[in-house]
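Please read the points below alongside the coordinates and the sequence. They are set out as a colleague's note, in numbered paragraphs.

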Amino acid sequence: MNIQSELNKTTLFSNLELLANQVVEGFISGMHKSPFHGFSAEFAEHKIYNNGESTKHIDWKLFAKTDKLYTKRYEEETNLRCHMILDNSASMYYPTVKNMDITNLNKIGFGVLAIATLMNILKKQRDAVGLSIYSDAYNFYASEKGSERHHQMLLAKLKEISVDTKPAKQTETYTYLHQIAEKIHRRSLIFLFTDMFQSTTDDAALFDALRHLKYNKHEVVLFHLIDKDKELHFNFNNTPKRFVDVETGEHIDIYADTVKENYEKEVTAYFKDLKLKCSQYKIKYVDVDIRTDLSRVMNSYLIERQKFL
């Protein structure tokens with residue numbers, strides 16, 4: 001399902017909460033082949049039945065549709081704490097987008113909309129949400145809460161980030177992940193939105209920080225945001241171009257076709273290594289194409305939520 005095709009072009013951040021709700025509704029309406037078909041937009045009402053549990057709250061109507069056992073969960077229960085982490089460094093503002101909308105997002109725009117969408121779902125489920133934002137510093141932290149005032153405060157911060165025209169040039173992701181890990185004490189589901197670009201290539205330090213996030217029995221999902229057409233497949237016109245590293249300022253003048261094959265080979269190997277290391281440390285790795293993959297973020301949320309509860 002392509003959620004983007006179901007939504008009219010909208011100025012992305014004029015009403016972030018409304019747009020997030022539209023995305024959720026589009027996702028729900030497209031779940032025809034999902035075992036969750038028939039859920040309300042709140043779909044916190046059910047969780048998978050585990051052998052040995054009481055059969056009192058089994059939803060037999062859903063069983064008739066899916067041939068699987070789910071139990072009802074009541075709205076007043078709050079079983080989940082979720083902390084969102086957003087990389088706000090300069091590389092996240094690629095590609096340059098003048099008029100951002102649902103069909104035309106850069107990485108930071110995708111991250112903001114994805115987080116707002118997940119917040120919309122979690123709000124309906126009355127779950128607690130926290131937010132951390134980092135760039136060249138640990139810029140923002142809000143602990144996990146479920147109030148309407150807290151929700152609106154986080155939305156306001158996300159809107160502020162989305163219109164930033166002078167993002168920090170560099171970041172050391174691992175430094176701030178350690179700081180964030182020190183603040184999250186109660187067991188939480190942690191979503192990290194980043195393009196995995198940082199000022200150094202110290203992968204050992206990065207994964208040490210990711211492992212730190214796993215303390216206290218947290219579950220960690222790494223959403224690796226990329227523009228696959230450009231950043232993976234290097235699809236540029238074969239005319240002389242200057243490619244500039246937005247975080248270091250270094251540049252190179254080349255014809256795209258002269259490096260395309262080797263570039264894609266190296267980047268593919270790097271992504272494969274990231275996925276392998278995440279698996280080794282029991283971190284869920286999800287590569288996300290910012291052009292198409294909003295539904296993939298929400299599917300990942302559904303899967304991880306069931307595992308977490």
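**Notes on the central sheet and its surroundings**

1. I would begin at a pairing in the sheet, where Thr-194 stands opposite His-224 in E7. The model is a predicted one, and the values in these notes should be read with that in mind. His-224 itself lies in strand E7, and with a relative accessibility of 1%, under the 20% limit for burial, His-224 counts as buried.

2. The surroundings of His-224 deserve a closer look, since the residue takes part in pairing on more than one strand: besides standing opposite Thr-194, His-224 has Asp-287 as its bridge partner in E10. Once neighbours within four places in sequence are set aside, the contacts of His-224 include Thr-194, Asp-195 and Met-196, together with Phe-271, Leu-274 and Tyr-285, and also Val-286, Asp-287 and Val-288.

3. Strand E7, which covers residues 219–226, runs parallel to E6 and is joined to E6 by six bridges. Six bridges also join E7 to E10, again in the parallel sense, and within this pairing Phe-223 stands opposite Val-286 in E10. Seven of the eight residues of E7 are buried, and therefore the strand is largely enclosed by the rest of the structure.

4. How many of the six residues of strand E6 are buried? The count is six of the six, over residues 189–194, so E6 is largely enclosed by the rest of the structure. The burial applies to both faces of the strand, with Leu-189, Phe-191 and Phe-193 buried on one side and Ile-190, Leu-192 and Thr-194 buried on the other. E6 also pairs with strand E3 (residues 81–87), in the parallel sense and over five bridges, and here Ile-190 in E6 is the bridge partner of His-83.

5. Taken as a whole, the sheet is open and consists of six strands in the order E5-E4-E3-E6-E7-E10, with mixed pairing. Strand E5 (138–145) and strand E10 (284–289) stand at the edges with a single partner strand each, so that one side of each is left without a neighbour in the sheet. From one strand to the next the twist averages 15°. Helix H4 (residues 148–162) packs on this sheet, where it touches E3, strand E4 (128–134) and E5, and the direction of H4 makes about 155° with that of E5.

6. A second site worth inspecting is Leu-16, which is found in helix H1 (residues 16–29) and which, at 0% relative accessibility, counts as buried. Not counting residues up to four places away in sequence, Leu-16 touches Val-112, Leu-113 and Ala-116, as well as Leu-155, Leu-158 and Lys-159. Of these partners, Val-112 is 96 residues from Leu-16 in sequence, while the C-alpha to C-alpha separation of the two is 9.0 Å.

7. On internal space, the search gives two cavities of 30 Å³ or more. The second largest has a volume of about 70 Å³, and its lining is made up of Met-119, Leu-122, Lys-123, Asp-127, Val-129, Lys-145, Gly-146, Ser-147, His-150, His-151 and Leu-154. Helix H3 (107–124) and H4 each supply at least two residues of that lining, and H4 is also the helix described above as packing on the sheet.

8. What does a search of the whole structure find in the way of disulfides? The number found is zero. Two cysteines may be noted in this connection: Cys-82 is buried, with a relative accessible area of 0%, and Cys-278 also counts as buried, at 0% relative accessibility.

9. Finally, some totals give the setting for the points above. The chain has nine helices and ten strands, and buried residues make up 50% of its 309 residues. Among contacts between residues at least 6 apart in sequence, 75% join residues at least 24 apart; the contact of Leu-16 with Val-112, across 96 residues of sequence, is one that a reader can look up in the model.

Methods: Residues numbered from 1 in each chain as written. Predicted model: local features only at pLDDT ≥ 70, side-chain atom pairs only at ≥ 80, totals over all residues. Heavy atoms only, no water. Buried < 20%, exposed > 50% of the residue type's maximum accessible area, 1.4 Å probe, protein only. Helix = DSSP H or I, 4+ residues; strand = E, 2+ residues; numbered from the N terminus. Pairing = 2+ DSSP bridges. Contact = heavy atoms within 4.5 Å. Axes fitted to C-alpha atoms, helices over the stretch in contact; angles between N-to-C directions. Disulfide = S-S within 2.5 Å. 1 Å grid on protein atoms, 1.4 Å probe; cavity = no way out; pocket = protein on both sides within 12 Å on 5 of 7 lines; lining within 4 Å. Points joined across faces, edges and corners; volume = space filled by probe spheres on them.
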